[in-house]
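Biologist: I should like to go through the reasoning behind some of the labels used for this protein. May we look at the structure together?

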Amino acid sequence: MDNRNTKPASAVTETRGRKPSATADKAILDAARAVLQETGYPGFTMSAVVKRSGVSSATIYRRWRSSQELILDAFRSMTPILETPDSGCFDNDLSTFLDDFAAALSGVGSFVALDKMDSRIEPQLRREIAEIFTEPRKQILAAIFDRAVLSGALKKRPDIDDCWNFIAGPLHHRISIQQKKYTTTFAKQTKAFITAGLFALAKQ
């Protein structure tokens, strides 16, 4: 009898009873994102992720010890790999930065979830989310300004936290609070407003 194509009983059981690791991870993260976007942080539970993903709670807890760990990894999976624009022109680089930032806010609905989380989110989780989303973008913004100073386009680099407030404020308000699209007209108006403000900060 030829048994070359016959799987051992244990292998058959494991294939039928468990999803492959990569498949399970994707199902869990997809479910976590969906739950976050529907309920926000206050309504996020591991049981809701179990129900939506079709993965057992034991499988989830083997990978993530808490809901906060899962939220952070779900958020990381929403965040694209960032590149620092370097066209040689300050205005162009700033414009690219604004477009990328707006796309990050609106593309995956991540800040719709964060907006619901904001009033009740634990300080540690808020800090970790800022490290994932905000801090890398502040570093890119600082690099854009540093090059502008070296090229003579700006006299000095403004405070990056102040710059961030100029940029994040109008974009977050429109996309996350008003839940409106980042249209071409709004983009043009916002770039003009932000650029003027940033130049004013750089001259102080």
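Modeller: Let us begin with a charged pair in this predicted model. The side chains of aspartate 161 and lysine 138 meet at 2.7 Å, N to O.

Biologist: What makes this pair a salt bridge?

Modeller: The cut-off is a lysine or arginine side-chain nitrogen within 4 Å of a carboxyl oxygen. The distance here is 2.7 Å, so the pair of aspartate 161 and lysine 138 qualifies. Aspartate 161 lies in helix α9 and lysine 138 in helix α8, so the contact ties together parts 23 residues apart in sequence.

Biologist: Why is lysine 138 called buried?

Modeller: Buried means under 20% relative accessible area. Lysine 138 has 15%, and therefore counts as buried.

Biologist: Why is aspartate 161 called partly exposed?

Modeller: Partly exposed covers the range between the 20% and 50% limits. Aspartate 161 has a relative accessible area of 42%, so that label applies.

Biologist: What makes aspartate 93 and arginine 147 a salt bridge?

Modeller: Their side chains meet at 3.2 Å, N to O, and the limit is 4 Å, so this pair also qualifies. Aspartate 93 is in helix α6 and arginine 147 in helix α8, so parts 54 residues apart in sequence are tied together.

Biologist: Is aspartate 93 buried or exposed, and why?

Modeller: Aspartate 93 is buried, because its relative accessibility of 4% is under 20%. Arginine 147, at 26%, counts as partly exposed.

Biologist: How many salt bridges are found in the whole structure?

Modeller: The search finds 12.

Notes: Residues are numbered from 1 along each chain as its sequence is written. This is a predicted model: local features need pLDDT of at least 70, side-chain atom pairs count only at pLDDT 80 or more; totals for chains, interfaces and linings use all residues. Side-chain values use heavy atoms; hydrogens and water are left out. Helices (H or I, at least four residues) and strands (E, at least two) are DSSP runs, numbered from the N terminus. Buried means under 20% relative accessible area, exposed over 50%, partly exposed in between (1.4 Å probe, protein chains only).
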